[in-house]
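Dear colleague,

Please find the structure below, handed over for your files. My findings follow after it.

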Amino acid sequence: MTDLLIKTDTQAVAPRKSARKIPGHWQRNESFYLGLFAVIAFLIFWEMSVVWKLVNPLFTSSPVRIIRAGHAVFADGSIYNDLSVSGIEFALGYGLAVVIGVPMGILMGWYKRLNALCEPFVNALYATPRIALMPLIIIWFGVDLSSKVAIIFLSTVFPILVNTMTGVRTIDRDFVKVARSFGASDGQLFLTVALPSSVPNLLTGLRLGLGHALIGIVVGEMYGSSAGIGYMMQTAGATFQTDRVMVGIIIIAVSGMALTQVLKMIEDRFEMWRADSRG
Amino acid sequence: MGAQRNKKMEARDVRLDFYNGRMNSELPVLDGIDLTVYEGELLAIVGPSGCGKSTFLGAVDGLVAVSGGEIRVDGVRVDRPGCDRAMVFQNDSLFPWRTVVENVSYGLDIQNKLSKSARLDRAMSLVELVGLKGFEKHFPHELSGGMRQRVNIARALATDPELLLLDEPFAALDAQTREFMQVELLKILGRAGKTAVFITHQIDEAIFLANRVAVFSARPAKVQAIVEVDLPAHRSLDIKLEPRFRDMQEHIWRLIEAESARTGLITSTVGA
């Protein structure tokens with residue numbers, strides 16, 4: 001009783017370590033294990049339906065066949081070239097989109113006149129599926145690396161730009177008043193209010209852009225190219241190598257999930273202060 | 001109280017019109033405000049809803065430009081926000097991405113007057129002053145409404161302003177928290193030794209906190225009356241039960257009520 005903190009009207013009671021029981025390992029990870037169970041059950045069902053000849057593996061492939069095909073493409077080394085080509089295309093296209101989209105979005109959100117000048121083009125291109133530009137891009141850039149970088153860039157830059165712009169434009173007026181009241185200059189207002197308050201939108205833009213970038217890679221490579229994961233899937237599909245197509249799909253899916261996870265971690269790092277970021 | 005009182009803030013014939021672009025019309029909001037705030041006092045402003053109290057405070061802070069007349073703080077004409085004034089806004093408007101201590105040091109960061117470690121020390125001492133020691137690393141969403149307003153007040157005090165402006169800082173709090181915060185504010189201001197202008201629509205809050213209460217008329221606002229609050233400097237909430245407190249409350253309410261009735265804000269003048 002002696003060291004109990006008494007709440008007085010001048011000093012709020014300081015927080016202390018919680019005495020609550022920590023839930024067990026299973027309880028904390030229940031949804032993870034449920035998901036894991038569902039996936040394993042699905043894979044077994046898939047494999048069994050092929051083993052029991054309920055479906056034709058030429059159409060459906062099967063987990064064991066996919067693993068075997070996956071092992072084969074990694075063992076003979078043929079996949080590495082495709083992986084590096086797609087990886088470079090992604091890194092260049094996405095990187096360029098971030099480097100150009102974020103500053104442009106900030107500037108367009110901040111300066112009304114610049115926004116008025118650029119908005120028609122941004123709106124038109126944002127509304128158009130960028131894949132529709134693929135024939136034009138092939139004419140301009142040919143079938144090698146640069147056309148894929150271009151399509152990935154175009155797919156990605158607009159979601160990033162538009163979201164960043166919205167973030168800058170929808171600053172809470174009260175925050176602006178506070179900053180002004182303390183005598184903040186335009187530059188300070190920008191750095192201390194506009195930028196931090198648009199971070200959540202910016203990150204949403206990066207995440208949306210990621211999805212568009214993956215579409216850009218696959219469609220771009222299928223449309224016209226000589227290497228890459230999309231190209232590998234295209235040729236495997238044309239020769240009915242369903243197992244290899246599946247390997248390609250899994251590679252794309254896993255990289256998409258991994259990249260999203262990386263962004264999610266960055267987001268958590270930045271959004272510690274948001275009440276709704278937990279749970 | 002000494003006979004010689006230094007004027008901290010002086011407003012002379014302050015006029016302010018709002019321009020409505022859609023209607024292409026001018027709306028007079030302040031119609032010649034004359035008001036003096038003396039050093040060390042707390043002046044409360046009350047008045048009918050929408051009478052322009054907050055607009056006046058915004059003008060004193062330098063956020064809103066006046067259309068006529070002038071406001072001087074320590075003899076210097078106000079035309080923009082400055083280090084000598086600090087505002088406590090109605091919505092606590094704490095930056096959600098800054099921790100408590102980072103919020104408190106915001107003004108210092110902007111005004112860039114001290115070294116980084118000195119700013120942090122000063123912010124920490126203010127966090128303690130408002131009774132939030134132990135919460136300095138918390139984010140605003142982890143605090144209660146009353147605690148957030150304490151941070152808001154600390155943020156304004158951190159820049160060591162000559163004149164503290166408070167725009168209905170407790171309006172969003174529940175009745176109980178508000179009463180406790182009134183006592184707290186008196187203690188905090190007593191410790192910090194500041195001159196302050198406080199806007200409220202709660203008459204009892206005005207009387208409880210202030211040395212003088214300025215009653216604004218309905219829009220366009222003028223100073224309708226100034227009521228001296230003849231209560232001891234150290235006040236506890238019990239004082240609100242005393243007859244002279246009640247009398248003052250009644251008196252100010254009559255002034256506001258008459259004014260509201262005159263402008264059709266309320267239709268009858270049946271006593272409360």
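Which residues of H1(B) are buried? They are Lys53(B), Thr55(B), Phe56(B), Leu57(B), Gly58(B), Ala59(B), Val60(B) and Asp61(B). Please note that this is a predicted model.

Helix H1 of chain B spans residues 53–61, and 8 of its 9 residues are buried, so the helix is largely enclosed by the rest of the structure. Just after H1(B), the residue Gly62(B) adopts a positive phi of about 95°.

I turn next to chain A. This chain contains 12 helices and 0 strands, and its pattern along the sequence reads α-α-α-α-α-α-α-α-α-α-α-α. For its 279 residues the globule rule gives 19 Å, whereas the radius of gyration of chain A is 25 Å, well over that value, so the chain is more spread out than a compact globule. Along the principal axes, its C-alpha atoms fill a box of roughly 75 × 60 × 30 Å. Of the 279 residues in chain A, 30% are buried. Among contacts in chain A with a separation of 6 or more, 72% join residues 24 or more positions apart.

Finally, the two chains meet: 21 residues of chain A are in contact with 29 residues of chain B. On the chain A side, the elements that contribute two or more residues are helix H9 (173–181) and helix H10 (186–223). H9(A) supplies the largest share, 7 residues. By class, this side of chain A comprises 11 nonpolar, 5 polar and 5 charged residues.

With kind regards

Methods:
Residues are numbered from 1 along each chain as its sequence is written. Chains are lettered from A and ligands numbered from 1 in the order in which they are written. This is a predicted model: local features need pLDDT of at least 70, side-chain atom pairs count only at pLDDT 80 or more; totals for chains, interfaces and linings use all residues. A residue is buried if 20 or more other C-beta atoms lie within 10 Å of its own, exposed if 12 or fewer, and partly exposed in between; C-beta atoms are placed from the backbone. Helices (H or I, at least four residues) and strands (E, at least two) are DSSP runs, numbered from the N terminus. Two residues are in contact if their C-beta atoms, placed from the backbone, lie within 7 Å. Ala, Val, Leu, Ile, Met, Phe, Trp, Tyr, Cys and Pro count as nonpolar, Asp, Glu, Lys and Arg as charged, and the others, Gly among them, as polar. The radius of gyration is taken over C-alpha atoms; the globule rule is 2.2 Å times the number of residues to the power 0.38.
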